[in-house]
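Reader: I have the model open beside the sequence and would like to go through it with you. Could we begin with one of the helices and work outward from there?

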Amino acid sequence: SSSSSSSLSAVRKPWMKRSSNHSHEEEEESDDDILLKRRVKNGGVPSITVINSTEDFIEFLSKDDRLCIIKFYASWCKSCQKFGVRFKKLAATYGDLIEEGGERIVDEGQVRFAEVEFSKNAKFCRTLGIKRLPFLHYYRGAEGRIAEFSAGPSKFNLVIDTMHDLLNSSDEERAFNILMHDGEDLGKYIVTELTKEHWEQVLGLEEKKKTNKKAHM
């Protein structure tokens with residue numbers, strides 16, 4: 001298991017605070033706001049897995065069959081930074097909460113979250129067809145990739161709506177959507193291979209590349 005695959009982005013609780021602008025004090029809280037407050041009150045910080053290799057990617061997706069959302073971003077991208085704040089809040093609301101400073105899950109979520117930094121993983125991102133940032137991939141177990149799109153901070157509601165649609169859809173509905181969106185790109189191919197028990201072969205090729213690279217250094 002790669003140590004980077006268990007790297008977690010811990011978020012402090014200030015993102016829970018509402019805007020200091022009091023003009024919206026009477027506005028009703030959304031169900032997500034209520035859920036967020038209840039979850040964080042019980043302790044824990046959101047878990048966002050950091051993916052830095054094909055091995056990390058495979059390990060993250062094969063952990064269980066929950067819906068997985070992967071964010072592709074760049075550290076130098078201002079739009080990505082704004083997007084990241086809302087992504088962390090979404091992870092706190094629907095993802096696993098872990099003990100601060102540790103990895104023990106204190107509250108299991110409905111969704112699992114991960115992120116890939118483009119500058120550190122440019123080749124991998126190109127392999128997955130990432131052409132715009134920030135970019136989202138949605139995966140679920142043997143179904144593989146079930147949604148993908150680019151969305152800036154102003155379109156973050158699309159991220160949330162897609163998540164809810166996928167959480168509430170039936171197996172038949174998702175299977176139909178996959179048939180309608182039957183791509184042949186490597187990203188979907190990798191996940192398909194995972195479902196056909198080819199993990200060791202994929203990981204072996206990745207490790208062989210790393211070994212050969214070190215041998216020539």
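Reader: Which residues are buried in α3?

Author: In this predicted model, the buried residues of α3 are C80, F83, G84, F87, L90, A91, A92, T93 and Y94. Residues three or four places apart on an α-helix point the same way, because there are 3.6 residues a turn.

Reader: What span should helix α3 have, and how far apart are its end C-alpha atoms?

Author: Helix α3 covers residues 78-94, and at 1.5 Å a residue its 17 residues should span 24 Å. The C-alpha atoms at its two ends lie 25 Å apart, which agrees with that expectation.

Reader: And how many helices and strands does the protein chain have?

Author: The protein chain has eight helices and eight strands. It has 217 residues, of which 42% count as buried, and its accessible surface comes to about 12900 Å², with 50% of that belonging to carbon and sulfur atoms.

Reader: Let me turn to the strands. Is β3 mostly covered or exposed?

Author: Strand β3, residues 67-73, is mostly covered, since seven of its seven residues are buried. The cover is found on both faces, with L67, I69, K71 and Y73 buried on one side and C68, I70 and F72 buried on the other. In a regular strand the side chains alternate between the two faces of the sheet.

Reader: Which strands are joined to β3 by bridges?

Author: Strand β6, residues 111-117, runs parallel to β3 and is joined to it by seven bridges; within that pairing, Y73 has E117 as its bridge partner. Strand β7, residues 135-140, runs antiparallel to β3 and is joined to it by six bridges, and there I70 stands opposite H137.

Reader: There is also an open sheet of three strands; what is its order?

Author: The order is β1-β4-β5, and the pairing is antiparallel. The edge strands are β1 (45-46) and β5 (105-107), each of which pairs on one side only. Strand β4, residues 97-98, is joined to β5 by two bridges, and I98 in β4 has I105 as its bridge partner in β5.

Reader: Changing topic, what does M163 touch?

Author: Leaving aside residues up to four places away in sequence, M163 touches L67, I69, L90, Y94, V111 and Y138. Two of the partners, L67 and I69, are buried residues of β3, while L90 and Y94 are among the buried residues of α3. M163 itself is found in helix α5, residues 156-168, and counts as buried because its relative accessibility is 0%, which is under the 20% cut-off.

Reader: How far apart are M163 and I69, along the chain and between their C-alpha atoms?

Author: M163 and I69 are 94 residues apart along the chain, yet their C-alpha atoms are separated by 8.3 Å. Across the protein chain, 72% of the contacts between residues at least 6 apart in sequence join residues at least 24 apart.

Reader: I work with reducing agents a lot, so how many disulfides does the structure hold?

Author: The structure holds zero disulfides. As for individual cysteines, C77 is buried with a relative accessible area of 10%, and C125 is buried with a relative accessible area of 0%.

Reader: What about charges, then: how many salt bridges are there, and what does R66 pair with?

Author: The count comes to seven salt bridges. R66 forms one with D64, where the closest N and O atoms are 3.0 Å apart, and D64, R66, D96 and R112 are linked in a network of salt bridges. R66 is buried, at a relative accessible area of 15%, whereas D64 counts as partly exposed at 24% relative accessibility.

Reader: Why does D64 count as partly exposed?

Author: D64 has 24% relative accessibility, and buried means under 20% while exposed means over 50%, so D64 counts as partly exposed.

Reader: Which residue does R145 meet in a salt bridge?

Author: The side chain of R145 meets that of E148, at 2.9 Å from N to O. R145 counts as buried at 5% relative accessibility, and E148 is partly exposed, with a relative accessible area of 29%. Another salt bridge joins R104 to E99, with the closest N and O atoms 3.3 Å apart, and E99 is partly exposed, with a relative accessible area of 29%.

Note on methods
Residues are numbered from 1 along each chain as its sequence is written. This is a predicted model: local features need pLDDT of at least 70, side-chain atom pairs count only at pLDDT 80 or more; totals for chains, interfaces and linings use all residues. Side-chain values use heavy atoms; hydrogens and water are left out. A disulfide is a pair of cysteine sulfur atoms within 2.5 Å. Buried means under 20% relative accessible area, exposed over 50%, partly exposed in between (1.4 Å probe, protein chains only). Helices (H or I, at least four residues) and strands (E, at least two) are DSSP runs, numbered from the N terminus. Two strands pair if DSSP finds at least two bridges between them. Contact means heavy atoms within 4.5 Å. Accessible areas come from the Shrake-Rupley method with a 1.4 Å probe; for residues, only the protein chains shown count as cover. The expected span of a helix is 1.5 Å times one less than its number of residues. A salt bridge is a side-chain nitrogen of Lys or Arg within 4 Å of a carboxyl oxygen of Asp or Glu.
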